[in-house]
Amino acid sequence: MLNADLDSLRDYPFERLTLLLKGLTPRTNVAPISLSVGEPQHQPPDFVRAIIDGNAKTWNRYPPINGTPEFRKACADWLTRRYRLPAAMIDADTMVAPCAGSREGLYMAATVSVTRRDDGGPRPLAFIPNPLYQVYVGASLLAGAEPVFMPTTRETGFLPDLDALAPAQLDRAQIMYLCTPSNPQGAVADLAYLKKAIGLARKHDFMLVVDECYAEIYTGDVPPPGALEAAAALGGSLDNLLVFHTLSKRSSVPGLRSGFAAGAPRTIALLHRLRTYACAATPLATLEAATALWRDETHVAATRALYRQKFDIAERVLGGRFGYYRPGGGFYLWLDVGDGEAATRKLWADAGVRVLPGAYLTRPDPDGRNPNQGYIRIALVGEIEPTEEALTRIARTL
Ligand SMILES: Cc1ncc(COP(=O)(O)O)c(C=O)c1O
């Protein structure tokens with residue numbers, strides 16, 4: 001009577017981490033520091049609190065499922081500014097939809113895109129980068145698609161090799177997820193890559209879902225290009241494309257649960273219909289705070305500067321070891337430590353530092369080998385001092 005498909009989902013990485021560390025206690029003379037979860041700890045701007053407090057009067061109203069016109073306009077304006085899009089390309093009312101964090105939207109994207117086959121024929125395919133964000137897999141499986149994992153290794157520049165995908169499989173695809181800058185490796189897809197991905201989606205008629213949740217956390221001077229920029233270069237249509245953005249990382253408000261999708265009007269209409277049935281509308285207080293955040297760049301520049309400072313520290317402390325490199329975007333270190341699980345246990349027990357084994361973010365290759373087994377992921381999400389302390393302990397312990 002219960003949905004057996006849910007049993008096919010693996011434990012979420014953090015549940016596996018809890019099991020891995022069960023029974024281990026850090027040495028008593030060190031204060032534990034967690035670098036395992038990608039949960040930004042920087043302070044958001046003060047105006048967020050003022051707006052939430054000022055909205056106490058709105059808690060007795062059901063918010064509209066498609067957000068407020070002001071919110072949608074702020075998102076469309078931000079996209080237009082950020083990606084230098086033609087002024088009329090993104091219609092705020094028909095091409096933008098709020099979601100309760102991009103996670104919810106990324107999940108819904110599979111239901112919007114995949115048509116379940118009940119006739120016994122081959123299941124539609126969902127292309128997913130590997131390492132991956134777990135939600136891509138769960139969403140695809142529960143929508144009735146079969147995941148095909150695209151390796152992203154150092155050799156492929158930590159992005160899927162689009163030229164290596166089999167045309168026959170692409171013909172069966174109904175969805176492909178891409179993440180840029182990627183989690184965990186921080187690889188940034190360039191415009192040519194994104195144009196090629198959109199071209200494949202149109203040629204083989206699947207939905208390309210681009211997760212750009214780290215788009216605003218970058219280490220160089222040039223912001224990472226986005227899929228909408230690529231769509232603009234291809235003529236401006238958003239057919240076969242859904243792009244997700246979030247405030248969680250950009251504005252350090254993972255607790256606010258606010259992101260949005262941008263896509264073609266028909267896609268956004270279906271997403272809207274699905275959300276009407278399945279999702280909680282974003283509260284009006286959140287929408288107003290989110291509107292102000294998308295309109296402000298000052299706090300984002302300050303946030304980026306903090307991450308850069310932490311990458312400078314990481315480079316000084318870990319540079320030249322464990323295959324250290326400074327990623328183009330995101331806020332993770334992806335280190336090859338030989339045996340990711342063993343290193344994670346050692347770091348917790350001996351140094352009180354909690355990191356995540358790379359294997360928990362990945363699936364083995366078809367031959368059973370997992371090229372990410374040797375890695376750990378370190379999230380540079382804390383304040384400067386504890387982050388430096390944790391990195392120093394890591395360098396000393398491994
Ligand atoms: C790759 C990736 N996508 C999406 C999300 C979801 O973020 P949120 O739901 O907070 O917008 C995360 C969060 O860690 C992530 O790492």
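Two strands pair if DSSP finds at least two bridges between them. The structure used in these exercises is a predicted model.

**Exercise 1. The seven-stranded sheet**

Give the strand order of the sheet with 7 strands, and find its edges.

Solution.
- Start with the order. The 7 strands run β2-β8-β7-β6-β5-β3-β4.
- Add the type. The sheet is open, and its pairing is mixed.
- Now look for the edges. β2 (96-99) and β4 (146-151) each have a single partner strand, so one side of each is left without a neighbour in the sheet.
- Finish with the twist. On average, neighbouring strands here are turned by 20 degrees against each other, direction ignored.

**Exercise 2. Strand β5 and its partners**

State how β5 pairs with β3 and with β6. Then decide whether β5 is enclosed or not.

Solution.
- Take β3 (residues 125-130) to begin with. It runs parallel to β5 (residues 173-179), and 3 bridges join the two.
- Name a pair. A126 has I175 of β5 as its bridge partner.
- Turn to β6 (residues 207-211). It pairs with β5 in the parallel sense over 5 bridges.
- Name a pair again. C179 is matched with D211 in β6.
- Now check burial. A residue is buried if 20 or more other C-beta atoms lie within 10 Å of its own.
- In β5, 7 of the 7 residues are buried, so the strand is largely enclosed by the rest of the structure.

**Exercise 3. Helix α6**

Which residues of helix α6 are buried, and which elements do they pack against?

Solution.
- Locate the helix. α6 covers residues 134-142.
- List its buried residues. They are Y136, V137, G138, A139 and S140.
- Find what they touch. These buried residues pack against α5, β3, β4 and β5.
- Look just past the helix. G144 takes a positive phi of about 95 degrees.

**Exercise 4. Around the ligand**

How many residues surround the ligand, and which are the closest?

Solution.
- Count the shell. It holds 14 residues.
- Pick out the closest. They are G101, S102, R103, T246 and S248.
- Ask where the shell comes from. Helix α5 (residues 102-113) gives the largest share, 3 residues.
- Sort by class. The shell has 5 nonpolar, 7 polar and 2 charged residues.

**Exercise 5. The three-stranded sheet**

Give the order and pairing sense of the sheet with 3 strands, and find its edges.

Solution.
- Read the order. It is β9-β12-β11, in an open sheet with antiparallel pairing.
- Find the edges. β9 (332-336) and β11 (356-357) each have a single partner strand, so one side of each lacks a neighbour in the sheet.
- Take β11 with β12 (residues 375-379). The two pair over 2 bridges in the antiparallel sense. P357 has I376 as its bridge partner in β12.
- Take β9 with β12. This antiparallel pairing has 5 bridges. W334 stands opposite R377 in β12.
- Check burial in β9. 4 of its 5 residues are buried, so β9 is largely enclosed by the rest of the structure.

**Exercise 6. Residue R377**

Is R377 buried or exposed, and which residues does it contact beyond its neighbours in sequence?

Solution.
- Place the residue. R377 lies in strand β12.
- Count the neighbours. R377 has 25 C-beta neighbours inside 10 Å, so it counts as buried.
- Leave aside neighbours within four places in sequence. R377 is then in contact with P184, Y332, W334, V355, L356, G358 and L361.
- Compare chain and space. R377 and Q185 are 192 residues apart along the chain, and 8.5 Å separates their C-alpha atoms.

**Exercise 7. Two domains**

Where do the two domains lie along the chain, and how many residues does each give to the contact?

Solution.
- Set the bounds. Domain 1 is 4-43 + 299-397, and domain 2 is 48-296.
- Take the distance. Their C-alpha centres lie 25 Å apart.
- Count the contact. It takes 33 residues from domain 1 and 31 residues from domain 2.
- Find the elements on the domain 1 side. α13 (298-318) and β9 each supply at least two residues there. The largest share, 7 residues, comes from α13.
- Sort that side by class. It divides into 13 nonpolar, 12 polar and 8 charged residues.

Technical notes. Residues numbered from 1 in each chain as written. Predicted model: local features only at pLDDT ≥ 70, side-chain atom pairs only at ≥ 80, totals over all residues. Axes fitted to C-alpha atoms, helices over the stretch in contact; angles between N-to-C directions. Near = placed C-beta within 6 Å. Nonpolar A, V, L, I, M, F, W, Y, C, P; charged D, E, K, R; others polar. Buried ≥ 20, exposed ≤ 12 C-beta atoms within 10 Å, placed from the backbone. Domains from an automatic or database assignment. Contact = placed C-beta atoms within 7 Å.
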